[in-house]
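This report describes selected helices, the nonpolar core and the ligand surroundings of one protein model.

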Amino acid sequence: MPSLHLDGITKQFSRHTALHDLSLTVRDGEIFTLLGPSGCGKSTTLWSIAGLHRPDSGSIAFGDRVVFDHGRVNVEPEDRNCGVVFQSYAIWPHMSVAENVGYPLKLRRTPAARRDRRVREVLELVELGDHALKYPHQLSGGQQQRVALARALAHPPDMLLLDEPFSNLDAKLRDRSRQWLKALQSQVGVTTVFVTHDQDEALSFSDRVAVMNRGRVHQVGTPEEIYRYPADLFVADFVGTANLLPAEVVAADGTRARVRVEGIGTPLDVPHTDKRLGTAKVSVRPENIHIHRAGDGTGTAPDRLTVPVEGRAYLGDHHRYSIRIGGTPVAVTTTRPVDGAELTISLSPEDIRIFPVESDPYEENPHAPVH
Ligand SMILES: Nc1ncnc2c1ncn2[C@@H]1O[C@H](COP(=O)(O)OP(=O)(O)OP(=O)(O)O)[C@@H](O)[C@H]1O
């Protein structure tokens with residue numbers, strides 16, 4: 001299966017720039033997810049790969065095969081050999097399941113006997129072997145989506161492109177469908193680009209993730225890299241829950257920094273590769289805020305803070321507490337409940353990420369239109 005290379009892709013819609021000089025490499029056989037808020041350009045990227053949008057600059061290659069090079073090459077969508085599945089199932093209501101799945105093969109004039117064999121094969125693959133003669137209205141939403149997937153796989157595609165394919169399914173079915181599709185994808189081994197705005201889906205489903213905002217890629221990494229080492233404030237805030245606290249970097253040597261966090265009495269010594277000093281925000285995940293319990297020297301160390309509990313929620317496998325550090329609302333989670341009206345906490349320097357505020361375009365002007 002080929003890898004996928006996007007180089008310098010820009011796409012304008014009249015005066016609006018949907019993609020800014022976007023470059024990405026998707027490795028052979030991996031599940032690569034485009035994650036970002038609504039309108040950030042995920043679908044535009046996917047459609048450009050499929051040949052349904054024509055970018056205004058840049059190039060796209062499937063392995064060594066250039067399918068788009070602005071002004072020079074533009075391979076028609078039907079010749080790119082992409083299997084595409086959209087959010088709406090887009091299967092034909094007047095055709096049976098087998099006819100839907102066989103349609104791309106019919107278009108390619110595959111002989112009937114070979115077509116029937118392949119249809120049976122892919123229907124087995126998506127576990128719909130017994131439903132070949134049914135019509136879409138006789139199937140559940142999840143089954144209809146599997147028909148769409150079978151149709152995308154009928155003529156083995158070079159790229160599988162999935163645009164929010166689970167978003168019409170309820171939470172439980174969505175979860176089951178993800179697991180099932182992940183197993184299927186590793187069996188088929190097809191290079192897959194997956195679009196979602198759902199961070200849980202992106203983290204649980206992908207080999208690697210590109211986090212996008214306003215037509216730009218902010219970070220590419222494995223789910224763990226994205227979650228544990230967000231590249232900037234936007235990624236920290238968008239992926240998972242992050243408490244963002246105002247801070248001041250007072251010393252930095254390129255490996256560690258001393259940072260004063262508003263509301264914490266003593267400066268913290270944090271791993272940090274940037275040498276810039278001054279205004280910053282620190283991000284700390286709710287599960288990384290340490291709760292000190294009675295009997296372990298509560299309140300004696302200068303880096304500890306005792307604050308009122310402003311809210312509490314039981315969430316099945318963990319408990320969440322709302323507190324404030326300085327004036328900032330902060331969420332803290334723990335698997336062991338805490339009694340009492342106050343919480344004593346500290347921040348572990350190893351779990352803190354520092355983001356210089358000036359360096360983050362999202363932070364400078366989060367609501368500016370992209371032109
Ligand atoms: N055909 C079009 N004409 C004009 N503007 C468009 C067109 N398609 C997309 N856009 C704009 O380009 C930007 C990116 O849209 P895109 O659909 O790629 O975002 P997305 O990240 O997929 O969002 P969503 O999750 O809501 O589908 C948006 O501001 C959108 O309004």
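## Helices, core and ligand shell

In this predicted model, helix H3 (residues 97-107) has Val 97, Ala 98, Asn 100, Val 101, Gly 102 and Leu 105 as its buried residues. These buried residues pack against two helices, H4 (112-125) and H5 (141-154).

H5 also takes part in the largest nonpolar core. That core has 88 residues, of which Ala 150, Val 193 and Ile 354 touch the most other members. H5 supplies the largest share of the core, 7 residues. Apart from neighbours within four places in sequence, the contacts of Ile 354 are Ala 247, Val 249, Ala 257, Val 259, Val 270, His 272, Ala 280 and Val 282.

Helix H1 (residues 42-50) is largely enclosed by the rest of the structure, because 7 of its 9 residues are buried. The buried residues are Lys 42, Thr 44, Thr 45, Leu 46, Trp 47, Ser 48 and Ile 49.

Positive phi values occur just after H1 and just after H3:

| Helix | Residue just after it | Phi |
|---|---|---|
| H1 | Gly 51 | about 90° |
| H3 | Arg 109 | about 60° |

The ligand is surrounded by Phe 13, His 16, Ala 18, Gly 36, Ser 38, Gly 39, Cys 40, Gly 41, Lys 42, Ser 43, Thr 44 and His 197. Strand E2 (16-26) and H1 are the elements that give two or more residues to this shell. H1 provides the largest share, 3 residues. By type, the shell consists of 3 nonpolar, 8 polar and 1 charged residues. Lys 42 and Thr 44 belong to the shell and are also among the buried residues of H1.

Conventions: Residues are numbered from 1 along each chain as its sequence is written. This is a predicted model: local features need pLDDT of at least 70, side-chain atom pairs count only at pLDDT 80 or more; totals for chains, interfaces and linings use all residues. A residue is buried if 20 or more other C-beta atoms lie within 10 Å of its own, exposed if 12 or fewer, and partly exposed in between; C-beta atoms are placed from the backbone. Helices (H or I, at least four residues) and strands (E, at least two) are DSSP runs, numbered from the N terminus. Two residues are in contact if their C-beta atoms, placed from the backbone, lie within 7 Å. A nonpolar core is a set of buried Ala, Val, Leu, Ile, Met, Phe, Trp, Tyr and Cys residues joined through C-beta atoms within 7 Å. A residue is near a molecule or strand if its C-beta atom, placed from the backbone, lies within 6 Å of it. Ala, Val, Leu, Ile, Met, Phe, Trp, Tyr, Cys and Pro count as nonpolar, Asp, Glu, Lys and Arg as charged, and the others, Gly among them, as polar.
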